[in-house]
Amino acid sequence: MSSALYDSFIADYYDESPVVQKRLQDVAFYRDAARDYGDPVLELGCGTGRVTMAVAEAGKRITGLELSERMLERAVKKRGGLRVEARERVHLVQGDMAKFDLGERFRLAIIPFRAFQHLLEVRQQMDCLECVRKHLMPKGRLILDVFQTDAERMHDPVHHREMLVSEYKAPDGRQVRITERVAAFHRAEQRNDVEMIFSVVHPGGRKERLVFAWTLRYFFRYEVEHLLVRCGFKVTALYGDFDRTPVRDDSPEMIFVAESLE
Ligand SMILES: C[S@@+](CC[C@H](N)C(=O)[O-])C[C@H]1O[C@@H](n2cnc3c(N)ncnc32)[C@H](O)[C@@H]1O
């Protein structure tokens, strides 16, 4: 059942990467949503528990579901570092967000940091949303974020070239340079094959090139709205960023807040 994708070196590099480290606003946004809508909270694709632990520390019970064993191991370790009261509020499960049955109902479900974009097929996306609906209490909420698609940028061949994303020195002395390129565009399927390349110089000078290759599914606004309605949700809010500004042409995100119609 394990996801080969994140069961790789990426689980070790995820939290230290500046791409993830500078993403703080979404953590506050989801933590505040848990305060507003209440618990228990279900988080799908919880990864290393970046959002999960913040929600628990804010006093809310949360179940994190994650496909990758190695990401989940990291989350378990992080949970171990929490204060006892917060630790007891975190439940972690290995599972597929498109096919799960936890035998429990939640007040709020969240799918942070574009994890929904790993579901490439419409069938998988609908299975996920239907599973979420079955796990929500009446009038329960679902919040998910995806990036806003810039159609021009999405198909620009310039992105075939490897481009610098960031560079950093890890606490253990590794020098890491992250670059990214699009290996292939699949316009008709709304997918891009992306490679994130980690060029590492270890202390002592050994060099390594690690490639995290994955396919992302990009979405358009009304597609997600239709998908949510088709799966028994009403969209109650849509934001273009985690500061809750509306979606505009240049908004980086599309953050959907939906209410279960059951
Ligand atoms: C970009 S990471 C986001 C992790 C975490 N939500 C965060 O905000 O840091 C996407 C996560 O979704 C997980 N994932 C991908 N497909 C999944 C699936 N079908 N079911 C559960 N988790 C999945 C990946 O293993 C990965 O941990």
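**Exercise 1. Classify Thr 52 as buried or exposed, and describe its surroundings.**

*Solution.* Step 1: Thr 52 has a relative accessibility of 0%, so this residue counts as buried. The cut-off for that class is under 20% relative accessible area. The model is a predicted one.

Step 2: In the secondary structure, Thr 52 belongs to helix 4, which covers residues 50-57.

Step 3: Neighbours within four places in sequence are set aside. Thr 52 is then in contact with Glu 43, Cys 46, Ile 62, Val 90 and Leu 92.

Step 4: With Glu 43, the link is also a polar one: the two side chains are joined by a polar contact of 2.7 Å.

**Exercise 2. Determine the exposure class of Thr 215 and identify its side-chain polar partner.**

*Solution.* Step 1: The relative accessibility of Thr 215 is 23%, and the residue therefore counts as partly exposed. The class lies between the limits of 20% and 50%.

Step 2: Thr 215 is placed in strand 9, residues 207-217.

Step 3: Apart from neighbours within four places in sequence, Thr 215 is in contact with Gln 117, Leu 120, Arg 191, Asn 192 and Asp 193.

Step 4: One of these residues is Asp 193, whose side chain makes a polar contact of 2.8 Å with the side chain of Thr 215.

**Exercise 3. State how far Thr 215 lies from Glu 88, along the chain and in space.**

*Solution.* Step 1: Along the chain, the two positions are 127 residues apart.

Step 2: In space, the C-alpha atoms of Thr 215 and Glu 88 are separated by 35 Å.

**Exercise 4. Assess the overall fold of the chain, including how compact it is.**

*Solution.* Step 1: The secondary structure consists of nine helices and 11 strands. The radius of gyration is 18 Å, close to the 18 Å given by the globule rule for 262 residues, so the chain is as compact as a globular protein of that length.

Step 2: Along the principal axes, the C-alpha atoms fill a box of roughly 55 × 45 × 35 Å.

Step 3: Of the 262 residues, 51% are buried. Among contacts with a separation of 6 or more, 66% involve residues 24 or more positions apart.

**Exercise 5. Describe the exposed area and the charged side chains of the chain.**

*Solution.* Step 1: About 12,700 Å² is exposed, and carbon and sulfur atoms supply 49% of that area.

Step 2: There are 41 positive and 42 negative side chains. The centres of these two sets lie 2 Å apart.

Conventions
Residues are numbered from 1 along each chain as its sequence is written. This is a predicted model: local features need pLDDT of at least 70, side-chain atom pairs count only at pLDDT 80 or more; totals for chains, interfaces and linings use all residues. Side-chain values use heavy atoms; hydrogens and water are left out. Helices (H or I, at least four residues) and strands (E, at least two) are DSSP runs, numbered from the N terminus. The radius of gyration is taken over C-alpha atoms; the globule rule is 2.2 Å times the number of residues to the power 0.38. Buried means under 20% relative accessible area, exposed over 50%, partly exposed in between (1.4 Å probe, protein chains only). Contact means heavy atoms within 4.5 Å. Accessible areas come from the Shrake-Rupley method with a 1.4 Å probe; for residues, only the protein chains shown count as cover. Lys and Arg count as positive and Asp and Glu as negative; His and the chain ends are not counted. The place of a charge is taken as NZ of Lys, CZ of Arg, CG of Asp or CD of Glu. A polar contact is a pair of N or O atoms within 3.5 Å; within protein, one must be able to donate a hydrogen and the other to accept it, and residues adjacent in sequence count only if both atoms are side-chain atoms.
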